[in-house]
Amino acid sequence: MPKRVDNIFYQKVKFRKMYEAYQRASKQKHQNKEVILFEMDLGSNLLSLLNDVYYGRYKIGIYRKFTVYEPKERIILALPFRDRVLQQWYVEEFIKPIFLPKMISHSFACIEKRGSHLAVITLEKFMKRKYKENPDYYILKGDISKFFNSIDKNILFKLVARRIKDKAFLECTKSILFDGTPKKGIPIGNYTSQFFANIYLNELDHFIKEKLKIKYYVRYMDDFILLLDSKEDAILTLEKIRKFLNKNLELDLNKKTNYFKAKQGVTFLGYHIYQNKVRLLNRNKKKIYKKVKIWNKLYEENSLDLLKTAERLKAWIGHASLGDNYEFIEKIKAKCKWLYNE
């Protein structure tokens with residue numbers, strides 16, 4: 001068991017640290033009404049938050065609930081801006097420096113200099129290597145059922161406390177985890193949640209790498225891929241993972257979890273990946289066609305925000321450029337009437 005960290009909390013309760021957290025939380029949000037109101041008395045608001053944290057009075061604010069529908073329908077719980085500043089401080093000062101170094105190198109979500117593109121590139125590289133070792137290998141693709149809503153907060157708190165024993169830090173953690181939310185699950189909208197999720201599934205990562213000794217393994221949040229020698233290996237490994245998740249983390253795999261021959265490729269993070277090529281999914285192609293149609297209509301009505309639309313197109317091109325999609329990218333660009341002022 002790693003040595004537990006202590007006496008760290010009050011070292012970070014500094015005005016400069018909280019001001020830096022405010023800067024990150026408010027980035028590109030200075031037109032937001034809630035942010036504007038906070039900034040109108042910025043010094044006092046930061047000092048108030050700092051004092052509440054220092055004297056153990058901090059309690060999380062009231063969540064605002066709303067629903068998003070892309071990429072799928074999800075309920076989002078959003079905190080007041082004051083609490084979002086606190087969470088920026090909490091993650092940057094404690095979670096990142098203490099927990100991220102303990103995570104495996106092939107966990108890619110919410111870790112600087114990694115991300116979805118590197119996850120796809122790494123998986124394709126692994127598939128090439130595995131093919132050379134065994135052309136008939138199998139892919140096991142796992143997905144956690146209702147992941148964020150299924151996280152057991154008591155288990156999560158124990159995982160955090162296993163690394164940090166500072167009492168003041170743990171009291172702050174309790175407020176973030178338990179106040180104002182359901183007994184089970186963590187809010188998708190919280191900045192802390194994506195990092196808590198990584199801490200939770202880091203247990204699975206180490207089980208797969210250290211106990212099962214799987215060489216080729218990639219995880220992005222609750223989606224994970226293993227490359228295995230045979231169907232029999234896939235069946236046995238899947239059962240071991242299922243038991244581990246259920247026993248240790250109280251999680252279940254969903255119906256999308258499956259194993260199959262590697263020659264058919266695998267869908268992962270918006271791409272279909274083979275050992276020698278990466279393709280955009282057809283559903284993603286249909287989405288960009290619909291967006292272009294909407295953009296063109298707005299352009300013809302002289303109501304298109306050209307700057308925002310250009311940024312969105314640039315982001316999509318960055319996504320599509322990862323694979324073998326040059327011709328399709330050029331086709332989409334040619335359809336954007338506003339891009340060439342036609």
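Helix pairs whose axes meet at 65 to 115 degrees count as roughly perpendicular. In this predicted model, helices α7 (residues 153-161) and α9 (residues 191-211) pack at an angle of about 85°, so α7 and α9 are roughly perpendicular to each other. Their axes sit 10 Å apart. On the α7 side, the contact is built from Ile155, Leu156, Leu159 and Val160, while α9 brings in Phe196, Ile199, Tyr200 and Glu203. Sorted by class, that contact of α7 with α9 comes out as seven nonpolar residues, one charged residue and no polar ones.

Phe196 turns up again when we look at enclosed space, as one of the residues lining the largest cavity. The count gives one cavity of 30 Å³ or more, and the space in the largest cavity is about 30 Å³. Its lining takes in Ile176, Leu177, Ile186, Pro187 and Asn190, along with Thr192, Ser193 and Phe196. Two elements, α8 (167-178) and α9, each give two or more residues to this lining, with α9 giving the most at three residues. As for chemistry, the lining of the largest cavity splits into five nonpolar and three polar residues, with no charged ones.

Turning to open space, the second largest pocket holds about 480 Å³. Its lining runs to 18 residues, and those nearest the centre of the pocket are Ala25, Lys29, Arg84, Gly189 and Tyr191. Quite a few elements chip in here: α1 (15-26), β1 (64-68), β2 (74-78), α4 (81-99) and α9 each supply at least two lining residues. The largest share comes from α4, with three residues. The lining of the second largest pocket is an even mix by class, with six nonpolar, six polar and six charged residues.

That leaves the aromatic rings. The structure holds 23 aromatic pairs. One of them joins Tyr191 and Phe195, whose ring centres are 5.2 Å apart and whose planes stand at 70°, so this pair is edge-to-face. Tyr191 and Phe195 are four residues apart in helix α9, which means that about one helical turn separates them. Tyr191 is also among the residues nearest the centre of the second largest pocket.

Helix α9, then, keeps coming back: α9 packs against α7, gives the most to the lining of the largest cavity, supplies at least two residues to the lining of the second largest pocket, and carries the Tyr191 and Phe195 pair.

Note on methods:
Residues are numbered from 1 along each chain as its sequence is written. This is a predicted model: local features need pLDDT of at least 70, side-chain atom pairs count only at pLDDT 80 or more; totals for chains, interfaces and linings use all residues. Side-chain values use heavy atoms; hydrogens and water are left out. Axes are lines fitted to C-alpha atoms, for helices over the stretch in contact, and angles run from 0 to 180 degrees between N-to-C directions. Angles under 35 degrees count as roughly parallel, over 145 as roughly antiparallel, 65 to 115 as roughly perpendicular and the rest as oblique. Contact means heavy atoms within 4.5 Å. Ala, Val, Leu, Ile, Met, Phe, Trp, Tyr, Cys and Pro count as nonpolar, Asp, Glu, Lys and Arg as charged, and the others, Gly among them, as polar. On a 1 Å grid over the protein atoms alone, a cavity is a set of points where a 1.4 Å probe fits but cannot get out, and a pocket is an open set with protein on both sides within 12 Å along at least five of seven lines; lining residues have an atom within 4 Å of a point. Grid points are joined across faces, edges and corners, and a volume is the space filled by probe spheres set on the points. Rings of Phe, Tyr and Trp (its six-membered ring) pair if their centres lie within 6.5 Å; planes under 30 degrees apart count as stacked, over 60 as edge-to-face and the rest as tilted.
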